[in-house]
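The following exercises concern strand pairing, burial and backbone geometry. Each task is followed by a solution in steps.

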Amino acid sequence: MLNNTIRSYEAAGTITEYALVSVNAAAKIVVTTDPTDINCIGVAQRGGSSGDMVDVVIHGLTRAIAGDTLNFFSTPVLAATTAGKLQAAEATDTTFFPTARVLGNLSQVSAADGEQVEVFFFGVNKLA
């Protein structure tokens, strides 16, 4: 059984399908571009333009976009990078906040920049 939490938001600009998104001061979504953005709220489920309503997975399983080469089993915890993509979150690096965990399977154990991956989005985990 799938137990995703999904909410619709108005886009403040162009949103890419499966991009991480953040809420701006006007309570609209924008593509997340900062790995320390505490306003990152989820993953857009479709693309959209300014004024469009876009469904966002704010907790649960979703597709997302790799922003770097990812090895699912050595660095499964991910953080935002540019253009709403995800990068590996190293445990000793505090320059970004973990937001998701990649879910490997028999047919996909790694991904390259720009490839879609399945993740569990759990929200920003600000490190101390």
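**Exercise 1.** How many bridges join β2 to β4, and in which sense do the two strands run?

*Solution.* The model is predicted: local features need pLDDT of at least 70, side-chain atom pairs count only at pLDDT 80 or more, and totals for chains, interfaces and linings use all residues. Residues are numbered from 1 along each chain as its sequence is written, and side-chain values use heavy atoms, with hydrogens and water left out.

Step 1. Strands (E, at least two residues) are DSSP runs, numbered from the N terminus. Two strands pair if DSSP finds at least two bridges between them.
Step 2. β2 and β4 are antiparallel and are joined by three bridges.
Step 3. Within this pairing, Leu 20 has Val 43 of β4 as its bridge partner.

**Exercise 2.** Determine which residue of β5 stands opposite Val 43, and state the burial of β4.

*Solution.* Step 1. β4 also pairs with β5 (residues 53–65), in the antiparallel sense and over two bridges.
Step 2. Opposite Val 43 stands Val 57 in β5.
Step 3. Buried means under 20% relative accessible area, with a 1.4 Å probe and protein chains only. Because five of the five residues of β4 (residues 40–44) are buried, this strand is largely enclosed by the rest of the structure.

**Exercise 3.** Locate Tyr 18 and Ala 27, and give the phi of each.

*Solution.* Step 1. Tyr 18 lies in the loop between β1 (5–10) and β2 (20–23); its phi is near 70°, a positive value in a residue other than glycine.
Step 2. Tyr 18 counts as buried because its relative accessibility is 16%.
Step 3. Ala 27 is found in the loop between β2 and β3 (29–31). Although Ala 27 is not a glycine, its phi is positive, at about 65°.

Definitions and conventions: Helices (H or I, at least four residues) and strands (E, at least two) are DSSP runs, numbered from the N terminus. Buried means under 20% relative accessible area, exposed over 50%, partly exposed in between (1.4 Å probe, protein chains only).
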